[in-house]
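Visitor: I have a structure open in front of me, and I would like to learn how to read it one feature at a time. Could you take me through it slowly?

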Amino acid sequence: MPKKAGTDVLQQKSPAEFFADNKNIAGFDNPGKCLYTTVRELVENSLDAAESVGALPDIDIHIEEVSQKRLNSIRGVSNHARLDEELYNDFETEAVKKKRLAKEAKEQEKLEKAQAKKGEPTTAKAKDTEVTKGAGAGKSAKTFYTVRVKDNGMGMPHADIPNLLGRVLSGTKYGIKQTRGKFGLGAKMALIWSKMSTGLPIEVWSARRGQSFISHYRLDIDIHKNEPHVHFAKMNPNPEGWRGAELSVTILGNWQYYRAKIIKYLRQIAVITPYARFSFRYTAEEDKNSIAVNFHRRTEKMPQPPKDTKHHPASVDLELVKRLAASSKASTLHKFLASEFSNIPKDLAGRLIDEMRAGVEADMAPQELDGKQIMRLHQLLHEAKFKDPDGAHLSPAGEYNLRLGITKELNPDLVATHKGDVHVLEGHAFIVEAAVSIGGKLLKPGINVYRFANRIPLLFEGGSDVITKTALKRINWNLYKINQSSDRVGVFVSIVSTKIPYKGAGKEYIADDMDEMVQAVKSSLQQCCLQLKSKITRQLAAKEQQQRRKNLTKFIPNAASAIFKVLQTMTEQGTGGAKHKLLDEDHGVLTGIKQRRTTEQTLVTKLTEHVERIDTDMALEYQMQQGVAEGVRAQFFLVPLSAIHEYGPELKACVCNIKLLQPA
Ligand SMILES: Nc1ncnc2c1ncn2[C@@H]1O[C@H](COP(=O)(O)OP(=O)(O)OP(=O)(O)O)[C@@H](O)[C@H]1O
């Protein structure tokens with residue numbers, strides 16, 4: 001142990017201490033961001049937990065505002081009235097107070113005038129109200145929040161709960177599998193922050209399938225030792241057979257500044273997870289500020305769950321090879337290579353061993369490999385040719401879910417989706433899915449980028465991210481008849497992989513420096529744009545036609561009146577002086593006018609009929625050119641009323657055909 005702290009004194013930190021000192025690395029930058037990241041980490045754990053047992057996620061999220069005063073009573077700290085006002089940050093001298101009140105009165109007067117102008121009732125405000133300030137009152141007051149997230153997932157084994165939630169860098173998601181969580185850090189960071197800001201422990205309820213009790217824990221973390229500290233643990237009866245987990249943590253936060261981000265996050269997670277139900281409630285100390293938002297489940301079709309896979313030879317480092325060899329249960333080196341790695345079939349394992357030489361035999365135990373032999377093996381694994389991972393173990397959201405989520409949450413005019421091929425980055429397979437939408441009231445004019453990685457929305461650091469940069473700089477939107485500044489364009493890209501190359505443990509963005517990733521994102525977006533281009537071209541043609549008709553129709557009254565006047569003059573003056581001889585039908589027209597059978601209104605009616613006929617003829621001609629099969633098609637999704645429904649024959653009507661297709 002160091003005797004005294006100083007720059008030249010050797011000190012050691014536990015992982016918990018490190019992350020407590022550097023919270024920003026994990027996305028816990030300031031109170032508002034801490035509130036956001038806490039919600040996010042707990043929701044993502046819940047989604048992982050529900051999907052891992054194949055349950056359609058049902059997630060309740062509740063944020064409850066807790067004033068300093070209430071927090072103090074929870075903690076048993078007494079709330080004293082202030083004795084020495086000048087001691088506090090928010091103390092105002094008489095002069096400052098007078099100035100503030102005058103300013104407030106002026107603003108109030110302005111507001112009342114504006115309301116009176118609009119005919120609205122004026123909101124009376126008590127002027128010069130003196131608030132009795134106790135502990136936690138005034139503008140320096142902080143606000144705390146209890147965040148509670150409940151799910152219907154797999155729950156946690158009773159005995160593992162302290163380690164899973166009270167020891168930094170512990171978790172069940174370190175395997176080679178696509179999961180939202182990866183680092184074994186998120187929930188513990190929420191606990192560390194609660195410990196740092198309120199000193200309150202985390203509370204946990206959990207029940208697993210086949211378990212007759214509900215585990216109930218209250219625990220915190222010994223940051224110095226990186227160990228869980230259990231306040232109490234109980235096994236309560238579970239008469240209703242509930243399964244899932246519920247976590248509750250009380251932290252310092254800032255709802256006011258991060259409210260929009262939290263709602264945006266939930267809206268985006270609802271886009272990428274339309275098979276989940278999210279119910280969100282915010283309870284404020286003042287009831288009028290409370291809100292509730294529900295994101296309903298729109299489909300019961302969940303993507304195939306991701307599967308565990310093995311290390312691809314191209315993805316292993318020297319340390320990992322050493323560790324795998326030391327811990328392998330395979331009896332021979334040959335079996336070790338063929339069983340611990342993906343894409344090394346038996347014959348290739350034999351060839352690799354032959355290639356290693358240096359005293360290496362196929363039937364030696366992997367633990368017998370010495371340091372140099374391990375180095376040789378590691379080198380060979382990176383130099384030899386192996387098949388790429390096929391990506392079958394990944395679980396992309398699917399074009400159906402992506403489209404459904406976008407349509408449901410943003411209601412755009414057009415959407416195109418595309419699922420890219422499997423690509424590989426450092427031995428890890430990845431798939432890029434993309435969607436591009438046009439229109440919809442919720443989007444601003446311009447390019448609106450939505451980023452997802454392993455089905456998590458990424459909301460921060462957009463400027464440095466590969467998806468944003470590709471959408472803004474590498475796509476020539478004009479080529480696809482999309483106006484990048486005036487059209488409301490939604491760009492949605494979802495990347496799934498066993499290893500998302502995040503920059504930082506906060507999982508906020510993917511860097512732009514990997515060519516494989518850049519190309520895959522670009523190509524998926526281009527494919528969406530190509531689909532949109534043909535739809536937009538058709539829409540533009542239809543619009544042009546409509547405009548032409550509108551223009552012609554607009555001039556009919558004037559044209560009819562002018563023609564009528566000419567014809568009237570001709571009838572009145574006779575046609576004796578005409579240069580050209582009139583045809584019989586022309587005489588007919590003039591006679592009609594003379595006898596008042598043909599009026600100006602007759603001309604209006606005839607011209608209108610003519611414009612409409614031309615319009616119909618052009619539409620028919622267009623339809624003939626396109627062919628019936630190429631007629632205007634739009635995909636839309638119907639939500640079945642029950643889980644059992646049939647994809648029956650095509651429904652034919654005079655205006656459209658509807659065919660119910662089983663989603664791919
Ligand atoms: N709601 C839950 N249901 C079931 N298990 C959970 C739940 N929340 C957490 N866990 C378990 O606790 C472990 C630790 O969670 P934590 O959030 O600290 O890290 P992680 O999700 O593994 O990784 P990351 O830091 O990347 O989010 C998880 O791996 C999981 O096994």
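**Reading the chain step by step**

Guide: We can begin with an inventory, which in this chain comes to 16 helices and 15 strands. Please keep in mind that this is a predicted model, and that buried residues make up 33% of the 664 residues in the chain.

Visitor: What share of the contacts between residues at least 6 apart in sequence join residues at least 24 apart?

Guide: Among those contacts, 76% join residues at least 24 apart in sequence.

Visitor: Which domains does the assignment give for the chain?

Guide: The assignment gives domain 1, made of residues 15-72 and 141-295, then domain 2, residues 313-383, and domain 3, made of residues 394-575 and 584-622. The centres of domain 1 and domain 3, taken over C-alpha atoms, are separated by 42 Å, and the contact between the two domains takes 23 residues from domain 1 and 24 residues from domain 3.

Visitor: Which element gives the largest share of the side of domain 1 that touches domain 3?

Guide: That is helix 7, residues 255-272, with nine residues. Sorted by character, the side of domain 1 that touches domain 3 has twelve nonpolar, five polar and six charged residues.

Visitor: How should I read the nonpolar core?

Guide: A useful way is to ask which members touch the most others, and in the largest core, of 106 residues, these are Ile192, Ile251, Ala435, Val436, Val491, Val493 and Leu525. Helix 2 supplies the largest share of this core, nine residues, and both domain 1 and domain 3 contribute at least three residues each. Apart from this core lies another, of 14 residues, with Val321, Ala325, Leu333 and Leu381 among them.

Visitor: Which residues does leucine 525 touch, not counting those up to four places away in sequence?

Guide: Leucine 525 touches Ala434, Val436, Thr470, Ala471, Ile475 and Val491.

Visitor: Which residues come nearest to the ligand?

Guide: There are 22 residues around the ligand, and Asn45, Ala49, Gly171, Gly181 and Gly186 come nearest. Two elements give two or more residues to this shell, namely helix 2, residues 31-52, and helix 6, residues 186-197, and the largest share, four residues, comes from helix 2. The shell can also be sorted by character, into eight nonpolar, nine polar and five charged residues.

Visitor: What should I look for in the backbone angles?

Guide: The general idea is that most residues other than glycine have a negative phi. Leucine 169 has a positive phi of about 65 degrees although it is not a glycine, and its place is in the loop between helix 5, residues 161-166, and helix 6. Asparagine 411 has a positive phi too, near 45 degrees, and sits in the loop between helix 12, residues 399-410, and strand 9, residues 414-425.

Visitor: Why does leucine 169 count as partly exposed?

Guide: Leucine 169 counts as partly exposed because 15 other C-beta atoms lie within 10 Å, whereas a residue needs 20 or more to be buried and 12 or fewer to be exposed. Asparagine 411 is partly exposed as well, because it has 14 other C-beta atoms within 10 Å.

Visitor: Where does arginine 297 lie?

Guide: Arginine 297 lies in the loop between strand 8, residues 291-295, and helix 8, residues 318-327, and with 16 other C-beta atoms within 10 Å it is partly exposed. Its C-alpha atom is 4.7 Å from that of arginine 277, although these two arginines are 20 residues apart in sequence. Leaving aside neighbours within four places in sequence, arginine 297 is in contact with Leu56, Tyr275, Ala276 and Arg277.

Visitor: What does the database record add for residues 389-548?

Guide: UniProt, in an unreviewed entry, places the feature "domain: DNA topoisomerase VI subunit B transducer" at residues 389-548. In the model, the end C-alpha atoms of residues 389-548 lie 55 Å apart, and the span is 34% helix and 28% strand.

Visitor: In which helix does lysine 469 lie?

Guide: Lysine 469 lies in helix 13, residues 466-474, and counts as partly exposed because it has 17 C-beta neighbours inside 10 Å. The C-alpha atoms of lysine 469 and lysine 535 are separated by 26 Å, and these lysines are 66 residues apart along the chain.

Note on methods:
Residues are numbered from 1 along each chain as its sequence is written. This is a predicted model: local features need pLDDT of at least 70, side-chain atom pairs count only at pLDDT 80 or more; totals for chains, interfaces and linings use all residues. A residue is near a molecule or strand if its C-beta atom, placed from the backbone, lies within 6 Å of it. Ala, Val, Leu, Ile, Met, Phe, Trp, Tyr, Cys and Pro count as nonpolar, Asp, Glu, Lys and Arg as charged, and the others, Gly among them, as polar. A nonpolar core is a set of buried Ala, Val, Leu, Ile, Met, Phe, Trp, Tyr and Cys residues joined through C-beta atoms within 7 Å. Domain bounds come from an automatic or database domain assignment. Two residues are in contact if their C-beta atoms, placed from the backbone, lie within 7 Å. UniProt positions are given in the numbering used here, feature names are shortened, and annotations may be inferred rather than shown by experiment.
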